[in-house]
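The exercises below ask you to read a structure step by step, with a worked solution after each task. Please look through the sequence and the structure before you begin.

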There are 2 protein chains.
Amino acid sequence: MIEYRNLRVAILGGGSVGAQVASLLIEHGDELAARAGAGLEVVGVAVRDVNAKRDTDIPAHLLTTDAESLILGADIVVELIGGIEPARTWILQALQSGADVITANKAVLANHGPELFDAAEQVGAQLYYEAAVGGAIPIIRPLRDSLAGDRVMRILGIVNGTTNYILDRMDVHGDSFGEALMDATRLGYAEADPTADVEGFDAAQKAAILASLAFHTTVPLDAVYREGMTSVTHEQVVAARKAGYTVKLLAICERLVDAETGVEGVSARVHPALVPLDHPLAAVHGANNAVFVEAEAAGSLMFYGAGAGGVQTASAVLGDIVSAARRHVVGGPGVAESTHANLPVLPMSSVNTRYQITLTVLDEPGVLATIATLFSDRGVSVEGLSQSVRDGGDAERPTATLVVITHQAAESSLAATVAALAASPVVSSVVSVLRVEGL
Amino acid sequence: MIEYRNLRVAILGGGSVGAQVASLLIEHGDELAARAGAGLEVVGVAVRDVNAKRDTDIPAHLLTTDAESLILGADIVVELIGGIEPARTWILQALQSGADVITANKAVLANHGPELFDAAEQVGAQLYYEAAVGGAIPIIRPLRDSLAGDRVMRILGIVNGTTNYILDRMDVHGDSFGEALMDATRLGYAEADPTADVEGFDAAQKAAILASLAFHTTVPLDAVYREGMTSVTHEQVVAARKAGYTVKLLAICERLVDAETGVEGVSARVHPALVPLDHPLAAVHGANNAVFVEAEAAGSLMFYGAGAGGVQTASAVLGDIVSAARRHVVGGPGVAESTHANLPVLPMSSVNTRYQITLTVLDEPGVLATIATLFSDRGVSVEGLSQSVRDGGDAERPTATLVVITHQAAESSLAATVAALAASPVVSSVVSVLRVEGL
């Protein structure tokens with residue numbers, strides 16, 4: 001029988017993840033101790049009301065409402081309450097007391113990451129957050145450690161399971177947005193108020209976290225461009241598939257050079273995008289998540305798995321607990337999150353992407369030339385276009401559908417082109433404008 | 001200007017990976033120092049002949065033939081010579097001198113892993129080997145750290161780019177094995193002698209490494225069942241696609257219980273297998289690698305990327321160098337590779353898989369019943385079968401093709417069934433027997 005030093009683990013939050021983490025720590029104690037090189041003793045689970053009815057069973061003697069005392073007596077603090085406060089304060093208290101902190105809380109990281117990482121560095125404690133992005137998919141550790149000697153150029157992430165489920169239903173089953181959302185709600189993928197998911201707030205928090213880590217640069221949440229997916233129509237999804245694409249809500253982080261100023265910087269953004277059907281991200285169905293990373297030497301990598309369910313999040317949290325325990329056993333400070341690169345965070349107007357623009361145009365001679373000129377006059381180069389046979393309008397003024405794919409173009413040039421198209425007498429409507437990624 | 005402590009990095013091997021690692025360390029020195037918290041000084045590159053012509057440029061003053069002196073003066077030793085000796089001896093010397101070692105050498109790990117990990121543990125040094133499996137794809141670190149709190153149940157890996165390229169060509173382009181192999185050789189994916197790849201030796205080494213790590217158990221190379229892919233025919237690949245599968249050479253590591261003895265253990269094997277077209281592994285084309293992991297809590301995860309090219313391997317090696325440097329800065333021993341679980345390694349006869357069996361049978365009444373009885377008498381349960389219209393034989397004794405998919409069956413029962421089928425007067429030939437994975 002090997003005797004291990006015991007580490008005291010405090011869990012903040014008695015929801016489903018907290019309960020699962022506690023029960024796995026208790027059930028698999030011996031195995032985890034062998035892996036960690038230290039015993040992991042759950043010293044308490046802080047909840048708002050010890051008598052609240054909960055559908056999971058945490059041993060009653062572990063429940064407490066006194067989070068602050070629990071924190072002070074712990075070697076490892078696991079924050080699973082979510083939201084900004086009191087999570088931020090408690091994480092700071094834990095770090096300042098020298099405890100390592102594990103959190104699955106993307107909101108507090110995206111909003112207060114630098115403050116928390118500084119607090120950790122000052123006392124030589126460590127803040128782990130593998131569960132904050134992509135559920136159980138290891139993405140934080142690969143970016144921080146495995147790619148530490150490489151240079152990440154771009155990240156394309158499907159980091160929100162709810163919206164991927166909805167878009168996948170719209171694509172594969174032909175559902176409308178409303179039908180797919182109802183279905184997602186029924187299955188528990190979407191919350192009663194789905195705003196954070198469908199408007200891209202959740203994905204934007206994850207984009208800020210990934211960009212900060214990948215580029216060694218503080219990327220504040222409010223610098224993340226955000227566009228939700230509520231405006232994506234069934235018709236757009238059908239048209240995309242016909243053209244060889246699927247629509248995904250992507251979190252995109254990239255290194256880029258501002259064309260006007262020549263400044264090298266980074267950018268993070270969330271918006272719906274067309275992804276070619278032969279891209280690995282196009283095969284990510286249902287509520288799954290995947291993060292596609294392009295690095296200078298490593299080339300293209302993809303990390304794929306289930307999104308953030310309770311048990312998946314618990315797996316990621318436990319991995320972090322074992323890492324923290326190993327660090328406690330060996331002593332010494334952890335790896336500080338570094339922002340040494342400190343690149344400027346560039347606005348959306350610095351970003352160049354391709355676009356697919358779908359227009360209803362008059363089916364008359366000379367229309368194509370007119371439209372081509374509208375693009376070229378604004379510096380937007382056309383990669384390809386396809387025109388349907390006349391499929392609308394009336395006998396006198398028949399119309400056709402024109403789908404244009406551009407080469408990479410600046411947001412501002414594209415916006416000017418779209419405005420010119422909308423105002424053109426040969427265009428009866430601009431049906432959709434979608435960015436194209438992964439080409 | 002921040003002053004860093006300098007760490008002395010010795011590189012063993014001046015091939016393409018060694019040269020790339022050296023030049024990246026020199027070129028990106030400042031950035032890597034910021035990430036590692038320490039300067040990384042290349043103190044030498046050990047080669048067999050300093051005057052040998054090489055197509056990469058390593059600064060001449062760094063070249064030396066005296067590997068042993070180089071090792072003794074280093075904090076971090078990077079072994080990139082491959083093969084068993086002198087790699088094993090040099091790694092042991094480096095570890096015994098207290099240096100951390102980074103290796104991309106799957107052969108030495110698969111054959112002498114326990115000896116090397118023991119040597120590291122005894123002096124509190126660390127052996128890193130992210131580059132040994134899957135090139136730049138982070139798979140070792142996720143298995144060791146991210147999933148440290150979870151329980152890995154199964155790994156299905158496409159871990160050899162050459163064979164995946166060949167099978168993909170056969171599937172997507174209709175090449176024969178010979179054509180695809182020639183193509184792979186021309187493109188530099190296959191070596192002049194492709195035996196290690198096509199016969200599964202390379203994949204078996206990686207399977208031993210992955211199984212040992214995932215199951216915290218020493219899985220010796222000679223316990224890995226190995227079947228190459230040279231017997232896979234163009235016809236099998238075509239038939240597989242028609243039936244909704246693609247053929248992949250898989251490295252499979254799993255936890256299982258021996259049906260007869262009730263013993264819980266682990267198994268590792270390499271063989272061609274049918275993979276359903278909607279499985280994420282089926283979308284891994286060309287020379288790419290991917291490792292699909294099923295864990296108790298995390299569910300299904302996949303790690304995907306380019307296989308082991310020179311630059312990808314260099315990326316993984318650099319990530320390990322930065323990790324080793326951080327560990328040097330913080331002090332303390334590293335994480336010992338643990339074999340605490342020490343599960344028995346079960347033979348191939350303990351493994352249950354599904355099979356697809358393709359037969360040419362007489363197209364006569366009662367034949368199906370006869371064949372069904374041959375399966376059920378040997379305890380092999382049939383999940384489904386499809387019979388073509390008569391497509392062979394002659395007018396007097398027409399034959400048809402029968403494809404049978406079984407439920408999970410033991411190797412021994414399956415072997416007995418195949419023998420009985422071959423001997424049956426209603427079967428004119430057993431066309432192919434392939435395992436099915438990923439259902």
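**Exercise 1. The open sheet of chain A**

What is the order of the six strands in the open sheet of chain A?

Solution. Note beforehand that this is a predicted model, in which local features need pLDDT of at least 70 and side-chain atom pairs count only at pLDDT 80 or more, while totals for chains, interfaces and linings use all residues. Residues are numbered from 1 along each chain as its sequence is written, and chains are lettered from A and ligands numbered from 1 in the order in which they are written.

Step 1: The order is S3-S2-S1-S4-S5-S6 in chain A, with parallel pairing; strands (E, at least two residues) and helices (H or I, at least four) are DSSP runs, numbered from the N terminus, and two strands pair if DSSP finds at least two bridges between them.

Step 2: Strand S3 (63-64) and strand S6 (127-128) of chain A each have a single partner strand and stand at the edges, so one side of each is left without a neighbour in the sheet.

Step 3: For one pairing inside this sheet, take strand S1 (residues 6-12) and strand S2 (residues 39-46) of chain A, which run parallel and are joined by seven bridges; here A:Ala10 stands opposite A:Gly44.

**Exercise 2. Strand S5 of chain B and its partners**

Which residues of strand S5 of chain B point one way, and which the other way?

Solution. Step 1: In strand S5 (residues 100-103) of chain B, B:Asp100 and B:Ile102 point one way, whereas B:Val101 and B:Thr103 point the other way, and all are buried. A residue is buried if 20 or more other C-beta atoms lie within 10 Å of its own, exposed if 12 or fewer, and partly exposed in between, with C-beta atoms placed from the backbone. In a regular strand the side chains alternate between the two faces of the sheet.

Step 2: Four bridges join strand S4 (residues 76-79) of chain B to S5(B), and the two run parallel; B:Ile102 is the bridge partner of B:Val78. Between these strands the chain passes through helix H4 (residues 87-96) of chain B, in a β-α-β crossover that is right-handed, that is, with the strands pointing away from the viewer, the path from the first strand over the helix to the second runs clockwise.

Step 3: S5(B) is also joined by two bridges to strand S6 (residues 127-128) of chain B, again in parallel, with B:Leu127 as the bridge partner of B:Val101. From S5(B) the chain crosses through helix H5 (residues 106-123) of chain B to S6(B), and this crossover is right-handed.

**Exercise 3. Helix H7 of chain A**

How many of the 13 residues of H7(A) are buried?

Solution. Step 1: The count is 11 of the 13 residues, so H7(A) is largely enclosed by the rest of the structure.

Step 2: What covers these buried residues includes, among others, strand S7 (152-158), helix H8 (177-186) and helix H11 (234-242) of chain A.

Step 3: Consider A:Met170, which lies in helix H7 (residues 161-173) of chain A and is buried, with 26 other C-beta atoms within 10 Å. Leaving aside its neighbours within four places in sequence, A:Met170 is in contact with A:Asp175, A:Phe177, A:Ala180, A:His234 and A:Val237, where contact means that the C-beta atoms of two residues, placed from the backbone, lie within 7 Å.

Step 4: Just after H7(A), A:Gly174 takes a positive phi of about 75°.

**Exercise 4. The two chains together**

By what turn and shift can chain A be laid on chain B?

Solution. Step 1: A turn of 180° and a shift of 0.0 Å along the axis lay chain A on chain B with an RMSD of 0.1 Å, the copies being superposed by least squares on the C-alpha atoms of residues with pLDDT of at least 70 in both. The two copies are thus related as by a two-fold rotation axis.

Step 2: Of the residues of chain A, A:Phe303 comes closest to that axis, at 2.4 Å (C-alpha).

Step 3: The contact takes 46 residues from chain A and 46 residues from chain B. On the side of chain A that touches chain B, the largest share, 12 residues, comes from H12(A).

Step 4: Five bridges join S12(A) to strand S12 (residues 299-306) of chain B, and these strands run antiparallel; the bridge partner of A:Tyr304 in S12(B) is B:Met302.
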